[in-house]
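Biologist: Could you take me through the enclosed space in this one? I'd like a close look at the largest cavity: what lines it, and where does the lining come from?

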Amino acid sequence: MNFELLYIIWNPSEVIGHIGPITLRWYGTFWLVGIVGAYFMVKWLYKDQKIKDELFDPLFIYSFIGILVGARLGHCLFYEPDYFLSSGTHFLEMFVPMHKMADGTWKFTGYAGLASHGGTLGLMIALWLYCRKTKMNLWHVLDNIAIATPITACCIRLGNLMNSEIIGKPTDVPWAFIFEQVDNIPRHPGQLYEAIAYFCFIFVMLGFYWKSRGTRSEERGTKELSTLNSQLSTKKVGSGFYFGLVLTLIFTFRFFIEYTKADQVDFEAGMPFNMGQLLSVPFVIIGVASMMGGKWMGKRKQ
């Protein structure tokens, strides 16, 4: 069978359309959809857990700024430090969505370059500041955000797909994409692999949350209910289980999917593990430790 006939020719416009002077781009739109989707998910979680509305209101601002600043600085410092730290002008480009052209003029480019590892770290710092401000329990907030995180992660990777960026390595699999904006070589659609995985993780997180809400005591015997409650206590919001689970799922998958993706920067060539893999390892360790911590706390309560 000639698999070349099944290859997907991929060359979408980065622009959705225009609303007056405003240009709508796929990447920015998917970012917005991901953030808004997570916003409504966490809002529902707060309501389900009977947390006061005034404690939810500032959460969106803290999270949005933390993700954006962290993702931007993560890309600039992890992947292109030689460029962004080479001059004052390039340093400024880390913070403004513009690029200085050869003729001295500035062109609006948006934030061309965002790293998920940096976004995750930025979000964690932002949530710590949010908890200092609101006096909420940090683990409780981290767990709630973790349940909604795969929504945003999925949308961001779909945005990368529409931009034909973070492409995969050359391959001859039947579902290969030919990214015409890059070259005419069939490649793994690494962005799509990640988007599909993160979409599945949404249901994994919700499944655990739904089970952790427990069952009616009159429907079970006392001993059976006690055993059930001890098991569920390690998976309740505030135990750190969900925060650990989402980090472990996303970054373990990220580590292995990197084997199908092309190097993003030249210095990764020849490295046994690329930058994405190296940055994933600490998050996996933190994730496993957080889940084990929740299990330990559950045992202490028995």
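**The largest cavity**

Modeller: Sure, the largest cavity holds about 630 Å³ of space. Keep in mind that this is a predicted model, where local features need pLDDT of at least 70 and side-chain atom pairs count only at pLDDT 80 or more, while totals for chains, interfaces and linings use all residues. Residues are numbered from 1 along each chain as its sequence is written, and side-chain values use heavy atoms, with hydrogens and water left out.

On terms: a cavity here is a set of points, on a 1 Å grid over the protein atoms alone, where a 1.4 Å probe fits but cannot get out, and a lining residue has an atom within 4 Å of a point. Grid points are joined across faces, edges and corners, and the volume is the space filled by probe spheres set on the points.

Now the wall. The largest cavity is lined by 38 residues, and those nearest its centre are Ile-67, Thr-120, Leu-123, Thr-149 and Thr-152. By class, the lining splits into 29 nonpolar, six polar and three charged residues. In that scheme Ala, Val, Leu, Ile, Met, Phe, Trp, Tyr, Cys and Pro are nonpolar, Asp, Glu, Lys and Arg are charged, and the others, Gly among them, are polar.

As for where the lining comes from, α1 (26–48), α3 (59–78), α6 (116–134), α7 (138–162), α8 (190–212) and α10 (241–257) each put in at least two residues. The largest share is from α7, with nine residues. Helices are DSSP runs of H or I of at least four residues, strands are runs of E of at least two, and both are numbered from the N terminus.

There are two cavities of 30 Å³ or more. The second largest has a volume of about 70 Å³. Its lining is made up of His-75, Tyr-79, Leu-114, Ala-115, Ser-116, His-117, Arg-157, Ile-166, Arg-254 and Gln-264, which sort into four nonpolar, four polar and two charged residues.

While you're looking, the strands deserve a glance too. β2 (residues 15–19) and β3 (residues 22–25) run antiparallel, joined by four bridges; strands count as paired if DSSP finds at least two bridges between them. The two form a hairpin with two residues between them, and Gly-20 in the turn has a positive phi of about 65°. Within this pairing, Gly-17 has Leu-24 of β3 as its bridge partner. Elsewhere, an open sheet of three strands has the order β1-β6-β7, with mixed pairing.

Conventions: 1 Å grid on protein atoms, 1.4 Å probe; cavity = no way out; pocket = protein on both sides within 12 Å on 5 of 7 lines; lining within 4 Å.
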